[in-house]
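Here are some short exercises with worked solutions. Try each task on the structure before you read on.

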2 protein chains.
Amino acid sequence: MPTPEHMTAAIHAYVEAFDKGDPEIAVALFADDATVEDPIGTPLKSGIAAIREFYVGSMQTGAKLALQEPIRIGGDYAAFAFQVQLNLNGNDLAVDVIDTFKFNEAGKVIEMRAFFGPTNMRGFG
Amino acid sequence: MPTPEHMTAAIHAYVEAFDKGDPEIAVALFADDATVEDPIGTPLKSGIAAIREFYVGSMQTGAKLALQEPIRIGGDYAAFAFQVQLNLNGNDLAVDVIDTFKFNEAGKVIEMRAFFGPTNMRGFG
């Protein structure tokens, strides 16, 4: 099972990926057969190609993540709260999100789920 | 699908259950065939009898929950961050947790998972 230190470093790298606008930093955290459910309740993005496409698109919005520590870590899961600020079709948006990452034995994210919905979005700026 | 208002009220009732030390307020939120995985990675508590036993025991620690708003709501899920303060074997503990609740069509919680582990616990007081 991956260590808490490993999982913490992965979450920090995920935040850094958005800071730098570099989708490859995020994609490198995922297993080839990972799934992403973002937002929760929508069809899965399955496999590394679909995940890359998702993060390339996400970062085109200029999204930045403000992590709300501490990261919660139990078993092979990490869960973390954050606020993302982005620009969608010319509108500045702030969205409050909780993500869960499940890690495999190799230390890669095998399942990501993002918990948020319309009540968590608001305009700003 | 239950409304965001319904799910928000359920989370607030859950916090209130601990404030009042009344496990029945928490138990009433769950479906008869619900599962509780608390903490994540441990065996499921399945069915309302096991869930009642769990909350009766939890509240004997004097656990109180400080909710870190906002509750994240998407699809039939609510996710929320909080800190719980409790007394375990004479020791005051603070534990940072993220819970996810999945609701069924009747508006009851069908699946609860609590994300935390050793790195999220510390003594205080």
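The exercises below cover confidence, the interface, salt bridges and one buried acid.

This is a predicted model: local features need pLDDT of at least 70, side-chain atom pairs count only at pLDDT 80 or more, and totals for chains, interfaces and linings use all residues. Residues are numbered from 1 along each chain as its sequence is written, chains are lettered from A and ligands numbered from 1 in the order in which they are written, and side-chain values use heavy atoms, with hydrogens and water left out.

**Exercise 1. State the confidence of the model.**

Start with chain A. Its average pLDDT (the predictor's confidence in each residue, from 0 to 100) is 96. At least 70 is reached by 99% of the residues. Then take the model scores: ipTM is 0.96 and pTM is 0.97.

**Exercise 2. Describe the interface of chain A and chain B.**

Step 1: count contacts (heavy atoms within 4.5 Å). On chain A, 24 residues touch 24 residues of chain B.

Step 2: take the buried area (accessible area, 1.4 Å probe, that two parts lose on being put together, summed over both). It is about 1,800 Å², with 62% from carbon and sulfur atoms. On the chain A side, A:Arg72, A:Ile98 and A:Phe115 lose the most area, together 33% of what that side buries.

Step 3: look for charge pairs. Zero salt bridges (a side-chain nitrogen of Lys or Arg within 4 Å of a carboxyl oxygen of Asp or Glu) cross this interface.

Step 4: find the main element. Strand 3 of chain A (strands are DSSP E runs of at least two residues, helices H or I runs of at least four, numbered from the N terminus) gives the most to this side, with six residues.

**Exercise 3. Explain what the A:Arg52 and A:Glu24 pair links.**

Their side chains form a salt bridge at 2.8 Å, N to O. A:Arg52 is in helix 3 (residues 48–59) and A:Glu24 in helix 2 (residues 23–27) of chain A, so the bridge ties parts 28 residues apart in sequence. A:Arg52 is partly exposed at 32% relative accessible area (buried is under 20%, exposed over 50%, partly exposed in between; 1.4 Å probe, protein chains only). A:Glu24 is partly exposed too, at 38%.

**Exercise 4. Decide whether A:Asp38 is paired or unpaired.**

Locate A:Asp38 in the loop between strand 1 (30–37) and strand 2 (45–46) of chain A. A:Asp38 is buried but has no salt bridge. The nearest side chain of opposite charge (Lys and Arg count as positive, Asp and Glu as negative; His and the chain ends are not counted) is A:Lys45, 6.3 Å away. Leaving aside neighbours within four places in sequence, A:Asp38 has contacts that include A:Phe54 and A:Met112.
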